[in-house]
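Reader: I am new to reading protein models. Please take one part and go through it closely with me.

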Amino acid sequence: METADIQLKTADNNGLQTPGSQPNKRKRKKSMVWEYFNVEAVDTENSRAFCKQCKRSFAYISGSKLAGTSHLKRHILLGICPVSRLNQEKNQVMLYSSASQNGAASQNGAVSYQPKKRARGGNSGSISIPFDQVHCNHEIARMIILHEYPLSMVEDPGFIDFARVLQPRLDGVSFQNVQRECLDIYLKEKQKLACLLGGISGRVSLTLDLWTSDRTTGYAILRGHFVDCDWRLNHRILSVMMVPFPDSEVAFNHVVVSCLSNWGLESKLFFITLDKSFASEAVIQNVWGLVSVRYSQSFKSPYVMGTCSARMLTRLAQEAIGRTRETVEKVRRCVKYVKTSDSRQEKFNELKQQLQVPTMASLGIDTQTRWDSTYHMLSAASELKEVFSCFDICDRRCKDAPTTDDWQKIGVLCGYLKLLFDAANALSIEAYTTTNKFFHEVCKIMLELIHAADSPDPFVSSLGKPMKEMLEKYWKECRVILAMVVVMDPRFKFKPVESNFYKIDEENGKSLVKMVEEAMFNLFLEYEALTYHLPDFISMEPLPHEEEDEEEEEEAFFHAGEDFDVYISATSSNHTKTDLELYLEEAVLPGEFDDFDVLGWWKLNTEKYPTLSKMAADLLSLPVSTLAPDHVFDTMSTKLDSYRSSLEPQMLEALVCTKDWSQFGVHVPVQMET
């Protein structure tokens, strides 16, 4: 082999001599990899690095380019080299035995030692990596928590064999050990969350959801919603409790009391949201009665809302899809026929290109346990209806294809499903958003359904009327509290409240706006009373849940208007404008920017509105959905599998809560002075 242009010494890996360089000024190779590699020229232009142990070669010099040493390090350090990996395991065992004999054991049971420094220019052999049994146990427990693996997997033969291949020194991890480790992780994370909750100056709202199981028992999931001292929105599962008799009228009373007591939130409860899908009117009334009597020492009675907004949207979507069941089923069969065959899918795509259909929509078979997948399937099929019409002619086996009238119905259905999808999507955003955005979506749906109910088109009317009746029940229960939340957005204040209330109910629009104003001022008085110790006669009646006439219910919603008038007249001689009055008098912020951080705005204006900012934090964190973001579109309630429902209640709570907390992390901010 010619080596006139490049001269390499394989016997001495400390230097590389090239033409024109001085022999006594070679550049010394300092990387540790040269203890394991030789560099050899393969031709006049290229050189390769050869592993001394397994003899595998790697690129090093190609022309004028130098490949570096990172890939060579990985070969040794990551155990890719089979010879190095075998030597490493032998050295670890020998090191462990030697250290044990010398009594060099650390407090946690892992062997401690000081690795020798690598001799300059020498060959120190394989690299020894310290082994920590305790850390391995911890990571196995974290893996089980994060991925919902069964605890018993650590005793499965397959896992044991796999672990031994990775680390021969890993002692067998028993079911009891990993269970204890999971509980330890849970208790440590719970302490962090308790510190976070203890440092907030505002109140906490709860959502209560019910998970089912193969057994007759249910599991109540209580999630806390609050703004911390850094003005960050937080949502955390606080409690997972077994409910032996979910159908009982007092099924959730103990659950609420226990959760608030365990977390020390008795004086901080602001709002509770349930849903009629699992809580009857009697159950909701019992929960409201409990909290109104038991938790009204520091604040007036907390509020209880009996409808989950996400489930309400799901019920509307199911109603719309159910009324067009036959047409939807036709589309589903056609989509399934195309998607279940590669040849038919290819033929369908070719036909789409020939017809030059201007859409990027892609067909997909829906998952009937998520209504959003049905919406996406129908929407894509509707955009490709021309292709389906021609495909029916080309492929005679595609029978009972939708007619032109069917496609018109699907188009109308997709229009209403899109409204519901947009509203539900506002609740399904991973990071959670403040509730002020939901008011606009509900108003949009309400106005569209009012128009649909009065439509001269029989199909549109038959679709819109029942949906409108369903939504009206929710609207009457939630419109005041949703309006109060949107008033706390400085971009809008009362403008969208007035506009939408008049459009939805022109006859009662003025009185409804007045009701929101009184509710805002009387809620503000609660916060001001705590700050300035206002007279005790200022009171506010809790939100009732009995069946009442609409006028009586709305009159009783916030029945403190008279007290407010008394207070104003009593202090009129020395009356200064409150935070709320000053805030409402100021002009709204110009522009409607989607990325506006409403909590960030209130954080910057805390000194300007010291009392109102506390009220804004509690209202903006108020939850309208009992479901986690990834379950907003579910048509079925969450069901525990047989394994998880067989766990002890404490263990189940530890696993569910810790996984929930791990996705957010727990940041304990510095508490601000209040």
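Author: What follows is a close look at one sheet, then at the parts around it and elsewhere. Keep in mind that this is a predicted model.

Start with the overall count. The protein has 24 helices and nine strands. It has 674 residues, and 49% of them count as buried. Now look at contacts between residues with a separation of 6 or more. Residues 24 or more positions apart account for 70% of those contacts.

Now the sheet. Five strands form an open sheet, in the order S7-S6-S5-S8-S9. The pairing in this sheet is mixed. Which strands are at the edges? They are S7, residues 233-243, and S9, residues 303-305. Each of these two pairs on one side only. From one strand to the next, the twist averages 20°.

A helix packs on this sheet. That helix is H5, residues 175-198. H5 touches S5 (204-211), S6 (218-227) and S7. The direction of H5 makes about 120° with that of S7.

Go next to strand S8, residues 269-273. On one pairing, S8 meets S5. These two strands run in the parallel sense and share four bridges. Find Thr-207, and its bridge partner in S8 is Thr-273. On the other pairing, S8 meets S9. This pair is parallel too, over three bridges. Here Phe-271 has Tyr-303 of S9 as its bridge partner. Thr-273 turns up again, standing opposite Met-305 in S9. So you can trace a path across the strands: Thr-207 is partnered with Thr-273 in S8, and Thr-273 stands opposite Met-305 in S9.

Is S8 enclosed or open to the outside? Five of the five residues of S8 are buried, so S8 is largely enclosed by the rest of the structure.

Now zoom in on a single residue. Ser-205 sits in strand S5. How buried or exposed is Ser-205? Its relative accessible area is 1%. Ser-205 counts as buried because that value is under the 20% cut-off. Look at what Ser-205 touches, leaving aside residues up to four places away in sequence. Its contacts include Arg-223, Gly-224 and His-225. Phe-270 and Phe-271 are also in contact with Ser-205. So are Leu-622 and Pro-623. You have met Phe-271 already, as the bridge partner of Tyr-303 in S9.

Next, follow the chain to helix H8, residues 309-323. H8 packs against two helices described here.

Take H13 to begin with, residues 404-428. The axes of H8 and H13 are 10 Å apart, at an angle of about 165°. An angle over 145 degrees counts as roughly antiparallel, and therefore H8 and H13 are roughly antiparallel to each other. Their crossing is left-handed. On the H8 side, the contact residues include Leu-313, Leu-316, Ala-317 and Ile-321. On the H13 side, they include Leu-413, Leu-417, Leu-420 and Leu-427. How many residues of this contact are nonpolar, polar and charged? Twelve are nonpolar, one is polar and none is charged.

Then take H15, residues 458-487. The axes of H8 and H15 come within 10 Å and cross at roughly 165°. H8 and H15 are therefore roughly antiparallel as well. This crossing is right-handed. Among the H8 residues in the contact are Met-312, Arg-315, Glu-319 and Arg-323. From H15, Pro-466, Met-467, Met-470 and Tyr-474 are among those taking part. This contact divides into nine nonpolar, two polar and three charged residues. Ser-309, Leu-316 and Ala-320 of H8 take part in the contact with H13. Those three residues also belong to the contact with H15.

Last, look at the other sheet. Its four strands follow the order S1-S2-S3-S4, and the pairing is antiparallel. S1 (37-41) and S4 (65-66) are the edge strands. Each has a single partner strand, so one side of each has no neighbour in the sheet. S1 pairs with S2, residues 46-51, over five bridges. One bridge to find is that of Asn-38 with Phe-50 in S2. A helix lies across this sheet too. It is H1, residues 70-77, and it covers S1, S2 and S3 (57-62). H1 runs at about 165° to S3.

Technical notes:
Residues are numbered from 1 along each chain as its sequence is written. This is a predicted model: local features need pLDDT of at least 70, side-chain atom pairs count only at pLDDT 80 or more; totals for chains, interfaces and linings use all residues. Side-chain values use heavy atoms; hydrogens and water are left out. Axes are lines fitted to C-alpha atoms, for helices over the stretch in contact, and angles run from 0 to 180 degrees between N-to-C directions. Angles under 35 degrees count as roughly parallel, over 145 as roughly antiparallel, 65 to 115 as roughly perpendicular and the rest as oblique. A crossing is left-handed if the near helix is turned anticlockwise from the far one by less than a right angle, and right-handed if clockwise. Contact means heavy atoms within 4.5 Å. Ala, Val, Leu, Ile, Met, Phe, Trp, Tyr, Cys and Pro count as nonpolar, Asp, Glu, Lys and Arg as charged, and the others, Gly among them, as polar. Two strands pair if DSSP finds at least two bridges between them. Buried means under 20% relative accessible area, exposed over 50%, partly exposed in between (1.4 Å probe, protein chains only).
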